[in-house]
Amino acid sequence: MLGDRPFAVGDAIGLFYQNDNNDWTCGGFSVWNGANLGIIVWGDNPDIPIKDGFAIGETYTFKVWDAMLEQEWNATATYQTGESFYTIGGFSILASLIVNIPVEQSISLNNGWNIISSYINPLESLIPTIFSNIITDVKIVKNGIGQIYDPAFNINTIGNWNYENGYLVNMLNENVLSITGQKLVPEETPINLNNGW
């Protein structure tokens, strides 16, 4: 899957290794045609002074070229059989290949008190980072157990954003909070509710 959509004809899947300069280099790729896909990867030639392929035991790193968005993404592979690293003559079959595309949620905040939550698991979860773009308009943020974030006094007892929590946000001026990260899948993201409030 590429985010919320299946792979489309024209998307490319590549396996990458790091060369001598720690740059990501393609060691084999193929273009998706809607059917099963085979990719041959190349190992490093020990007779050449530069690294030109996978070292024995080097982990496969999958990257996907999204032909629709014309953008490269990192991908996470789940293996059905075989190794997740390079071996001479090795053979692996994937059970799945998933690309988690970051999404952004915009939350309008009014002057005064607001109650917010998010369906995003943020890339950067530290509360001051979440509110950094609108910090001049934030008076105080509270969670349900009384912890606070007060930017004027540089106090953060909340710590990190928790998608299971709701937050009270007191704003000095209205603004829009943008949260970027992975969209949560409701059926895979249970929230345990205790007896009472």
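How many nonpolar, polar and charged residues does the lining of the second largest pocket have? In this predicted model, the lining of that pocket has eight nonpolar, four polar and three charged residues. The second largest pocket holds about 430 Å³ of space. Its lining is made up of 15 residues, and those nearest the centre are Gly3, Asp4, Asn100, Lys183 and Val185.

The largest pocket has a volume of about 720 Å³. It is lined by 25 residues, with Leu37, Ile39, Ser92, Ile93 and Leu94 closest to the centre. Three elements give two or more residues to this lining, namely β1 (12–18), β4 (71–81) and β5 (93–98). The greatest contribution comes from β5, which gives four residues to the lining of the largest pocket. By class, the lining of the largest pocket consists of 17 nonpolar and eight polar residues, with no charged residues. The lining of the second largest pocket, by contrast, includes three charged residues.

The strands β1, β4 and β5, which contribute to the lining of the largest pocket, also belong to an open sheet of five strands. The order of the strands in this sheet is β2-β1-β3-β4-β5, and the pairing is antiparallel. Its edges are formed by β2 (24–31) and β5, each of which pairs on one side only. From one strand to the next, the twist averages 35°. Within the sheet, β1 pairs with β3 (residues 61–66) in the antiparallel sense, and five bridges connect the two strands. In this region, Ala12 is placed opposite Trp65 of β3.

A second open sheet has three strands in the order β6-β13-β8, again with antiparallel pairing. The edge strands here are β6 and β8 (120–122), and each of them pairs on one side only. Neighbouring strands of this sheet are turned against each other by 60° on average, when direction is ignored. The strands β8 and β13 run antiparallel and are joined by three bridges. Asn121 has Gln182 in β13 as its bridge partner.

The largest nonpolar core contains 18 residues. Within this core, Ile116, Phe131 and Leu177 have the most contacts. The elements that supply two or more residues to the core are β6 (103–109), α1 (127–130), β9 (138–142), β12 (167–171) and β13 (175–183). Of these, β12 gives the most, with three residues. Two of the contributing elements, β6 and β13, are also strands of the three-stranded sheet.

The position of Ser132 can be described in relation to this core. Ser132 lies in the loop between α1 and β9, and both of these elements give two or more residues to the core. The relative accessible area of Ser132 is 37%, so this residue is classed as partly exposed, because a residue counts as buried under 20% and as exposed over 50%. In sequence, Ser132 and Leu177 are 45 residues apart, while their C-alpha atoms are 9.3 Å apart in space. Leu177 is one of the core residues with the most contacts inside the core.

Definitions and conventions:
Residues are numbered from 1 along each chain as its sequence is written. This is a predicted model: local features need pLDDT of at least 70, side-chain atom pairs count only at pLDDT 80 or more; totals for chains, interfaces and linings use all residues. Side-chain values use heavy atoms; hydrogens and water are left out. On a 1 Å grid over the protein atoms alone, a cavity is a set of points where a 1.4 Å probe fits but cannot get out, and a pocket is an open set with protein on both sides within 12 Å along at least five of seven lines; lining residues have an atom within 4 Å of a point. Grid points are joined across faces, edges and corners, and a volume is the space filled by probe spheres set on the points. Ala, Val, Leu, Ile, Met, Phe, Trp, Tyr, Cys and Pro count as nonpolar, Asp, Glu, Lys and Arg as charged, and the others, Gly among them, as polar. Two strands pair if DSSP finds at least two bridges between them. Axes are lines fitted to C-alpha atoms, for helices over the stretch in contact, and angles run from 0 to 180 degrees between N-to-C directions. A nonpolar core is a set of buried Ala, Val, Leu, Ile, Met, Phe, Trp, Tyr and Cys residues joined through side-chain atoms within 4.5 Å. Buried means under 20% relative accessible area, exposed over 50%, partly exposed in between (1.4 Å probe, protein chains only).
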